[in-house]
Amino acid sequence: MLRFFNQDVDITNFSSSWNNGLASCALLDTYLPQLIPYNELDNKNKDINEILAQERPEWQLIMAYVAVIYRYFEN
């Protein structure tokens with residue numbers, strides 16, 4: 001279980017843990033809390049791109065996605 005500010009997100013791997021979009025939203029919420037209403041999100045209402053729409057997204061794509069976000073906001 002990872003903690004993104006005040007959100008507990010169960011991330012056990014870089015594949016299926018990302019398939020509902022909540023981990024992505026929690027990550028973005030750490031940098032853009034004013035734009036992501038994380039507390040209002042529901043994992044039953046997916047609205048995500050084709051990378052995350054799979055049951056088990058490719059872990060390499062998720063890792064690249066996270067790396068891009070990190071580089072953008074941390075550099």
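These legends accompany several close-up views of a predicted model.

**Figure 1. The whole chain, from strands to helices.**
Before zooming in, it helps to get your bearings in this predicted model. The protein contains two helices and two strands, and starting from the N terminus its elements follow the order β-β-α-α. Of its 75 residues, 32% count as buried. The accessible surface amounts to about 5300 Å², and carbon and sulfur atoms contribute 53% of that surface. If you look at contacts between residues at least 6 apart in sequence, 55% of them link residues at least 24 apart.

**Figure 2. Helix 1, a mostly covered helix.**
Here we move to helix 1, which spans residues 22-31. How many of the ten residues of helix 1 are buried? Seven of the ten are, so helix 1 is mostly covered, with buried meaning under 20% relative accessible area. You can pick them out as L22, A23, S24, A26, L27, D29 and T30. Two of these names come back in later views: A23 is one of the contacts of S17, and S24 is touched by Y65.

**Figure 3. Helix 2 and its buried side.**
Helix 2 runs over residues 59-74, which makes 16 residues. From its first C-alpha to its last it reaches 22 Å, close to the 22 Å expected at 1.5 Å a residue. Which residues of helix 2 are buried? They are I62, V66 and I69. Because these residues cover an arc of only 60 degrees around the axis, they sit on the same side of helix 2. Helix 1 is included in what covers these buried residues.

**Figure 4. Y65, where helix 2 touches residues earlier in the chain.**
Stay with helix 2 for a moment and find Y65, which is located there. Is Y65 buried or partly exposed? Y65 is partly exposed, because its relative accessible area is 27%, between the 20% and 50% cut-offs. Leaving out residues up to four places away in sequence, Y65 touches S24 and L28. Between Y65 and S24 there are 9.1 Å from C-alpha to C-alpha, although the two are 41 residues apart along the chain.

**Figure 5. A nonpolar patch on the surface.**
This view turns to the surface, where F14, W59 and M63 form a nonpolar patch. Together these three residues have about 290 Å² of accessible area. One of them, M63, belongs to helix 2. M63 is partly exposed, with a relative accessible area of 36%.

**Figure 6. S17, a buried loop residue.**
Next comes S17, in the loop between strand 2 (7-9) and helix 1. With a relative accessibility of 12%, S17 counts as buried, because that value is under 20%. What does S17 contact, leaving aside its neighbours within four places in sequence? Its contacts are D10, I11, T12 and A23. S17 and R56 are 39 residues apart along the chain, and their C-alpha atoms are separated by 8.1 Å.

**Figure 7. W18 and E58, two loop residues.**
W18 also lies in the loop between strand 2 and helix 1. Its relative accessibility is 2%, and W18 counts as buried. E58 has its place in the loop between helix 1 and helix 2. At 45% relative accessibility, E58 counts as partly exposed. How many residues apart in sequence are W18 and E58? They are 40 residues apart in sequence and 9.9 Å apart in space, C-alpha to C-alpha. You can also look from W18 to E55: this pair is 37 residues apart in sequence, with 9.0 Å from C-alpha to C-alpha.

Definitions and conventions: Residues numbered from 1 in each chain as written. Predicted model: local features only at pLDDT ≥ 70, side-chain atom pairs only at ≥ 80, totals over all residues. Heavy atoms only, no water. Helix = DSSP H or I, 4+ residues; strand = E, 2+ residues; numbered from the N terminus. Expected span 1.5 Å × (residues − 1). Buried < 20%, exposed > 50% of the residue type's maximum accessible area, 1.4 Å probe, protein only. Arc of directions from axis to C-beta. Contact = heavy atoms within 4.5 Å. Patch = residues over 30% accessible without salt bridge, like charges linked within 9 Å, V, L, I, M, F, W, Y side chains within 5 Å. Areas by Shrake-Rupley, 256 points an atom, 1.4 Å probe, with all protein chains shown as cover. Salt bridge = Lys/Arg side-chain N within 4 Å of Asp/Glu carboxyl O.
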